[in-house]
Amino acid sequence: MIAGMTDTADHDGTTPRTERTEATEQAEEAPSPTPRERRIAAWRNAPRVLARLGFLAPLRERLALLEAAGDAYDLDETSDIYGNGVVEALEKRVASLLGTEAAAFFPTGTMAQQVALRCWAGRTGNPAVALHPLSHPEVHERNAFSQVSGLRPVRFGNEPRLPTAEEVRGLEEPFGALMLELPLRDAGFVLPTWEELTEVVDAARERDAVVHVDGARLWECTEHFGQPLEEIAGLADSVYVSFYKSLDAFGGAAIAGPASLVEEAKTWRHRYGGTVFQQFPTALSALIGLDRELPRLPEYVRHARVVAAALRKGLEAGGLPWFRVHPEVPHTHDFQVWLPYETEFVAETAIRAGEETGAMLFANHWDPKGPGLTFTEVYVRAAALEWTAGDVREAATDFARRLTGT
């Protein structure tokens, strides 16, 4: 026997299980990662991405966010109980930013908007809510308006954009509230012009309706409108804002508006089960987001326009027969990319590109939009500021060539 080698055969001629074969068998028995798991792993491991989304980060990283809590709030204060303390401080901060009399914290946006519109329905005497069919409550909330809150959605407008003043005036039945999602996420994070928005609000007033803004992403609208937050919020009778979609908080939302409406909303918040015993981790993370992220959002929006333009050039240089970056000039720091391929093929190509190059250009999931057509949402955050236009073009060209096989 050669020195250094091990005799692995038993006396009966069989080969015993070694540590290597046991590990191999365990690996074979383990389930393969799903495409989503691979995508998230590639995103986490990639040195370069366009956004480091907090909600996809490991728990250790998420908890580390609270290390900055002492800069956002006095941690020697007594913790919150059923909505006081740090929660009240957050509510006052939001009301100040939006220029409203008051604000109420909610654990979810779905609950917040139902409560706000339910309150308005009681005051106007009309439970009908006019809204675009692509609005969040219609697409993502399992008919919560009608099934839980006694509201009746009245859908109008078929184009992937916000409704026009003419469409509001032409609605064939009365409605108590007009709900405007700013930006309209499922249409491509699109916004009207400031003039169009003010005309739509005026048209709703002519119909004796109140105006509620679904402002889950309202924070990043100032660059497009060229108006401060308080001017935008001031057009509406009430506004909902989210703390995690742009501000990277743990969750949470708020309704802002007249003090009497907010007081009533807090009563309904309790009835809906939203007055949680303690909310300090979420409230602190929201305050941190207002300090850290809110001032940077206009910069993200401006850079999203650079990214979108470079993407178009790179995809064209890579030989794609057709594609669409929508909107062509992003209205916020998020936008869509459409490609003429099957969803699974594009998703796998995006994952492999991230794994092999370390540059994760498309880190979000892809969804079908029809036979041979798929799309994804592109988010531009602080991490994207490290990408030059040339970096984006290069990554987009490589991605396109992977799709076309050239």
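**Note on Gln279 and two surface patches**

1. Gln279 touches Asp80, Val87, Phe105, Pro107 and Gly274, leaving aside residues up to four places away in sequence. The model described here is a predicted one. As for its place in the chain, Gln279 sits in the loop between α13 (259–271) and α14 (280–292).

2. Is Gln279 buried or exposed? The residue counts as buried, because its relative accessibility is 11% and the term applies to values under 20%.

3. A nonpolar patch on the surface is formed by Ile81, Tyr82, Val276 and Phe277. Together these four residues have about 380 Å² of accessible area.

4. One member of the nonpolar patch, Ile81, is found in the loop between α4 (69–72) and α5 (86–98). Ile81 has a relative accessibility of 41% and therefore counts as partly exposed, since this class lies between the buried limit of 20% and the exposed limit of 50%.

5. The surface also carries a patch of negative charge, in which Glu166, Glu195, Glu196, Glu199 and Asp202 gather. Which helix supplies the largest share of the negative patch? That helix is α10 (residues 194–206), which contributes four residues.

6. Glu166, also in the negative patch, lies in helix α9 (residues 165–169). Its relative accessible area is 55%, so Glu166 is classed as exposed; the class requires a value over 50%.

Terms used: Residues are numbered from 1 along each chain as its sequence is written. This is a predicted model: local features need pLDDT of at least 70, side-chain atom pairs count only at pLDDT 80 or more; totals for chains, interfaces and linings use all residues. Side-chain values use heavy atoms; hydrogens and water are left out. Patches are made of residues with over 30% relative accessible area and no salt bridge: like charges are joined within 9 Å, nonpolar side chains (Val, Leu, Ile, Met, Phe, Trp, Tyr) within 5 Å. Accessible areas come from the Shrake-Rupley method with a 1.4 Å probe; for residues, only the protein chains shown count as cover. A salt bridge is a side-chain nitrogen of Lys or Arg within 4 Å of a carboxyl oxygen of Asp or Glu. Lys and Arg count as positive and Asp and Glu as negative; His and the chain ends are not counted. The place of a charge is taken as NZ of Lys, CZ of Arg, CG of Asp or CD of Glu. Buried means under 20% relative accessible area, exposed over 50%, partly exposed in between (1.4 Å probe, protein chains only). Contact means heavy atoms within 4.5 Å.
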